[in-house]
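Reader: Before we discuss the assignments, could you show me the model and then take me through the reasoning behind the terms you apply to it?

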Amino acid sequence: MIPRIGKEYNDISKTPIPHVTVTLPDKSSMAVWHCVIDGPIGTPYAGGKFVLQLDFSDNYPFKSPKIKFLTKIYHPNIRQENGEICDQLIKDQWKPTMTARSVVNTLVKLIENPDLESPIEQEIAKELKENKKAYKTKAAEYTKKYATGK
C-alpha cells in the first residue's frame, strides 16, 4: 500500500488536479490525505474551499479509501452530520485498478453535479428536484458560512 500510495501522492503533487490541493496532515504517514477542492464556478459552491479527508489505511488498493468531508456542505450525496459520502459513488464501484486521482476527480464532479440516483440526504435531494432555486440558495448560504472563512 505505501509504495503505491506514495507514488500516487507524488504524481498528484507533480501534476496537480485543477482546483484541488492535496496535502498530508501527518508528514510521517502517506495513509491519510487532506484535499481542498475549490467550489466550482457556476455552482452554489463557488467561492468555497471544501476540505476532505481521504484515508487509505484500510487495505488500499483492494478497498476504496474512506472519504469524509471535513467542511460542512449542503449536498444530497454528503451526510450532514458527519461528512460521509454515499457508498454507491465510490465504494460500491471500487476496483483495485482505480487510483487516488480518479477518486478525487469523482469528488470534484460530485460537487459540480449531485447524483440524484443515490442521495444520502433524501430531503436535500427532494428539494433539488422540486425547488432548485431554494436548494441553490441554501447551498450558497452553507458555502458562505462554512467554506469561505467569512
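**Terms and their grounds**

Author: Alanine 140 is found in helix α4, which covers residues 132-147; helices here are DSSP runs of H or I with at least four residues, strands are runs of E with at least two, and both are numbered from the N terminus. This is a predicted model, in which local features need pLDDT of at least 70, side-chain atom pairs count only at pLDDT 80 or more, and totals for chains, interfaces and linings use all residues. Residues are numbered from 1 along each chain as its sequence is written, and side-chain values use heavy atoms, with hydrogens and water left out.

Reader: Why does alanine 140 count as partly exposed?

Author: Buried means under 20% relative accessible area and exposed means over 50%, with partly exposed in between (1.4 Å probe, protein chains only). Alanine 140 has 33% relative accessibility, and therefore counts as partly exposed.

Reader: Why is threonine 148 placed in that class too, counting as partly exposed?

Author: The relative accessibility of threonine 148 is 28%, so this residue counts as partly exposed. Threonine 148 lies in the segment after α4.

Reader: What is threonine 148 in contact with, leaving aside its neighbours within four places in sequence?

Author: Contact means heavy atoms within 4.5 Å, and with those neighbours left aside threonine 148 is in contact with Gly47, Gly48 and Thr143. Its C-alpha atom is also 8.8 Å from that of phenylalanine 50, although the two residues are 98 apart in sequence.

Reader: Which strands pair with β3, and in what sense?

Author: Two strands pair if DSSP finds at least two bridges between them. Strand β2 (residues 32-38) and strand β3 (residues 49-55) have 7 bridges in the antiparallel sense, one residue pair being valine 32 with its bridge partner aspartate 55 in β3. Between β3 and strand β4 (residues 66-69) there are 4 bridges, again antiparallel, and glutamine 53 has lysine 68 in β4 as its bridge partner. The protein chain as a whole has 4 helices and 4 strands, in the order α-β-β-β-β-α-α-α from the N terminus on.

Reader: Why does the radius of gyration of the protein chain agree with that of a compact globule?

Author: The radius is taken over C-alpha atoms, and the globule rule is 2.2 Å times the number of residues to the power 0.38. For 150 residues a compact globule would have a radius near 15 Å, and the protein chain has 15 Å, so the two agree. Along its principal axes the C-alpha trace spans about 45 × 30 × 25 Å, and 43% of the 150 residues count as buried.
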